[in-house]
Amino acid sequence: MSTPTLRAWLHDGPFTLSMSSGFFGFYVHAGALTALADAGLAPRAVTGSSAGALVTGLYAGGVSLDAMRERLATLRREDFWDPAPGAGLLRGGRFRAMLDALLPVTDIEHAKVAYAPSVFDLGSRQTTVLRRGSIAGAIHASCALPVLFHPVRLGGRLYSDGGIADRPGLAGVEAGERVLYHHLASRSPWRRAGSPSLKVPRRSGLAAVSIGALPRVNPFALDRGMVAFAMAEKAMRRALDESVGDGVVCVEAAG
């Protein structure tokens with residue numbers, strides 16, 4: 001019996017969208033999400049870490065994909081670059097203010113779709129999934145990459161980047177859910193080559209998409225961002241018509 005395409009698999013029932021961490025990979029995530037939306041594929045719930053928590057959080061908080069694209073297209077380093085003494089280069093105040101200005105919905109409890117981002121609790125040294133409180137605060141905390149950003153205090157606890165111990169951003173997925181996992185294939189600069197966290201996870205009910213050959217984006221190369229967005233959008237459109245096979249769809253981006 002032939003295996004279904006990813007498109008058919010997603011149309012077969014409700015699914016959760018999970019997006020991985022991956023430095024400035026939020027352009028890629030946003031492009032992939034745009035392709036899904038254009039295909040009429042809307043997740044029942046969303047989870048993610050770091051860059052993945054950013055895009056899924058904006059989506060859950062009611063930011064339209066047009067508004068998301070416009071903000072990414074106009075993003076400049078000075079919009080979030082606020083160096084200050086502390087446990088990281090950037091204080092994060094400008095980043096948080098940008099999130100607050102973007103989000104129509106402020107609380108996780110009132111999100112347009114269920115949102116369960118991963119953060120790293122510096123006190124307990126383990127991943128925590130946030131299911132209530134400020135969406136902007138949760139995104140800020142999950143994106144607080146060590147060395148780059150100061151840790152973020154929420155509810156009396158200090159949090160850092162969700163990708164530290166949950167790179168896939170799957171900790172918030174409920175048991176038995178069907179999951180579309182978008183994997184950022186590029187290696188974060190602070191992870192060693194061959195790290196298990198860089199591999200696409202395998203689990204029952206999970207279909208993964210990994211897009212290769214995308215330009216690397218960083219704070220000093222934001223001009224590559226919308227190129228990566230467009231390439232990821234095109235690649236995800238192609239991926240939807242690929243067979244899910246063993247659960248992983250790998251496609252190469254094309255300019």
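This report describes the predicted model of one protein chain, from its overall dimensions to one helix and three individual residues.

Residues are numbered from 1 along each chain as its sequence is written, and side-chain values use heavy atoms, with hydrogens and water left out. As the model is predicted, local features need pLDDT of at least 70 and side-chain atom pairs count only at pLDDT 80 or more, whereas totals for chains, interfaces and linings use all residues.

**Overall architecture**

The protein chain contains seven helices and nine strands; helices (H or I, at least four residues) and strands (E, at least two) are DSSP runs, numbered from the N terminus. Its radius of gyration is 17 Å, which agrees with the value near 18 Å for a compact globule of 255 residues; the radius is taken over C-alpha atoms, and the globule rule is 2.2 Å times the number of residues to the power 0.38. Along the principal axes, the C-alpha atoms fill a box of roughly 60 × 40 × 40 Å.

Of the 255 residues, 55% count as buried (under 20% relative accessible area, with exposed over 50% and partly exposed in between; 1.4 Å probe, protein chains only). The accessible surface of the chain comes to about 10,900 Å², and carbon and sulfur atoms account for 53% of that area; the areas come from the Shrake-Rupley method with a 1.4 Å probe. Among contacts (heavy atoms within 4.5 Å) between residues at least 6 apart in sequence, 73% join residues at least 24 apart.

**Helix 6**

Helix 6 spans residues 135-142 and is mostly covered, with eight of its eight residues buried. The cover of these buried residues includes helix 3 (51-60) and helix 5 (93-102), together with strand 2 (45-49), strand 3 (114-121), strand 5 (152-154) and strand 6 (157-160). At the N-terminal end, Ser134 caps the helix through a side-chain oxygen 3.3 Å from the backbone nitrogen of Ala136.

**Thr47, Glu177 and Pro14**

Thr47 belongs to strand 2, one of the elements that cover helix 6. Thr47 is buried, because its relative accessible area is 2%. Beyond four places in sequence, Thr47 touches residues including Thr16, Ser18, Thr56, Ala116 and Gly169.

Glu177 is located in the loop between strand 6 and strand 7 (179-184). Its relative accessibility is 15%, so Glu177 counts as buried. Leaving aside residues up to four places away in sequence, Glu177 touches Thr16, Arg44 and Gly205.

The polar contacts of Thr47 and Glu177 are tabulated below; the term denotes a pair of N or O atoms within 3.5 Å, where within protein one must be able to donate a hydrogen and the other to accept it, and residues adjacent in sequence count only if both atoms are side-chain atoms.

| Side chain | Partner | Distance |
|---|---|---|
| Thr47 | Ser18 side chain | 2.6 Å |
| Thr47 | Gly169 backbone oxygen | 2.7 Å |
| Glu177 | Arg44 side chain | 3.0 Å |
| Glu177 | Glu174 backbone nitrogen | 2.9 Å |

Pro14 sits in the loop between helix 1 (6-11) and strand 1 (16-19). Pro14 counts as exposed because its relative accessibility is 58%. With residues up to four places away in sequence not counted, Pro14 touches Arg44 and Arg178. Arg44 is also touched by Glu177. Between Pro14 and Ala235, 221 residues apart in sequence, the C-alpha to C-alpha separation is 23 Å.
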